[in-house]
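Me: I'm new to reading protein structures, and I'd like to go through one by asking questions. Can you take me through it step by step?

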Amino acid sequence: MNDSVMTIRQMCETYDVTARTLRFYESKELLFPIREGQKRLFTKRDRARLKLILRGKRFGFSLEEIRQLLDLYDADDQQEVQLSRSYAMARERLADMERQRDELDETIADLKEQLNWGAQRLAALRQQQTND
């Protein structure tokens, strides 16, 4: 096998994704494997794109946002536009994640307070039962 291409099985093993995932990304025109009949061969470019897709998904970007960034990469050889847009989108996503974390921290603190109240209430009820 030519080192510049990988089969769908190799892609699945290398990137810990399913064949269904790869076919889905192909159907959404995020990946463009070479087709030889039913066989798909993924190029280095496809592998680079898949890494970016997986990283974008991990960071919480939608597939449409990822597509826009990948399209910018194709349109700008110097990658300045893509880098600028990626940077702006990443800053927005980080701000969203920090807001979510703050909300989660607040919710956790509220739940701990409720659990503490519940534990004290249960202890008081059990103490009352033993005294009766």
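**Charges and helices**

Reply: Sure, let's start with the surface: E103, E106, D110 and E113 form a negative surface patch. Keep in mind that this is a predicted model.

Me: OK, so where is E103, and is it buried or exposed?

Reply: E103 sits in helix 5, which covers residues 80-131. To count as exposed, a residue needs over 50% relative accessible area. E103 has a relative accessible area of 53%, so the word for it is exposed.

Me: Which span should helix 3 have, going by its residues?

Reply: Helix 3 is made of 15 residues, 44-58. The expected span is 1.5 Å times one less than the number of residues. The end C-alpha atoms of helix 3 are 21 Å apart, which agrees with the expected 21 Å.

Me: Which residues of helix 3 are buried?

Reply: Buried means under 20% relative accessible area. In helix 3, that label goes to D46, R47, R49, L50, I53 and G56.

Me: And what does G60 do just after helix 3?

Reply: Look at the backbone just after helix 3, where G60 comes in. Its phi is positive there, at about 95°.

Me: Let's talk charges. How many salt bridges are there?

Reply: Side chains of opposite charge can pair when their charged atoms come close. Here a salt bridge needs a side-chain nitrogen of Lys or Arg within 4 Å of a carboxyl oxygen of Asp or Glu. By this rule, the count is five.

Me: How far apart are the closest N and O atoms of E26 and R35, and is E26 buried or exposed?

Reply: E26 has a relative accessible area of 15%, so E26 is buried. R35, at 41% relative accessibility, counts as partly exposed. The two form a salt bridge, and their closest N and O atoms are 3.2 Å apart.

Me: Where do R67 and E64 lie?

Reply: R67 and E64 form a salt bridge, with the closest N and O atoms 3.1 Å apart. E64 counts as partly exposed, at 41% relative accessibility. The pair is three residues apart, about one turn of the helix, and both lie in helix 4 (residues 63-75).

Me: What about D102 and R101: how far is it from N to O?

Reply: D102 is partly exposed at 44% relative accessibility. R101 is partly exposed too, with a relative accessible area of 47%. Their side chains meet in a salt bridge, and the N to O distance is 3.9 Å.

Me: Which residues do shared salt-bridge partners join into one network?

Reply: Some salt bridges share partners, and that links residues up. The network they make consists of E26, R35 and R40.

Notes. Residues numbered from 1 in each chain as written. Predicted model: local features only at pLDDT ≥ 70, side-chain atom pairs only at ≥ 80, totals over all residues. Heavy atoms only, no water. Patch = residues over 30% accessible without salt bridge, like charges linked within 9 Å, V, L, I, M, F, W, Y side chains within 5 Å. Areas by Shrake-Rupley, 256 points an atom, 1.4 Å probe, with all protein chains shown as cover. Lys, Arg positive; Asp, Glu negative; His and termini not counted. Charge placed at Lys NZ, Arg CZ, Asp CG, Glu CD. Helix = DSSP H or I, 4+ residues; strand = E, 2+ residues; numbered from the N terminus. Buried < 20%, exposed > 50% of the residue type's maximum accessible area, 1.4 Å probe, protein only.
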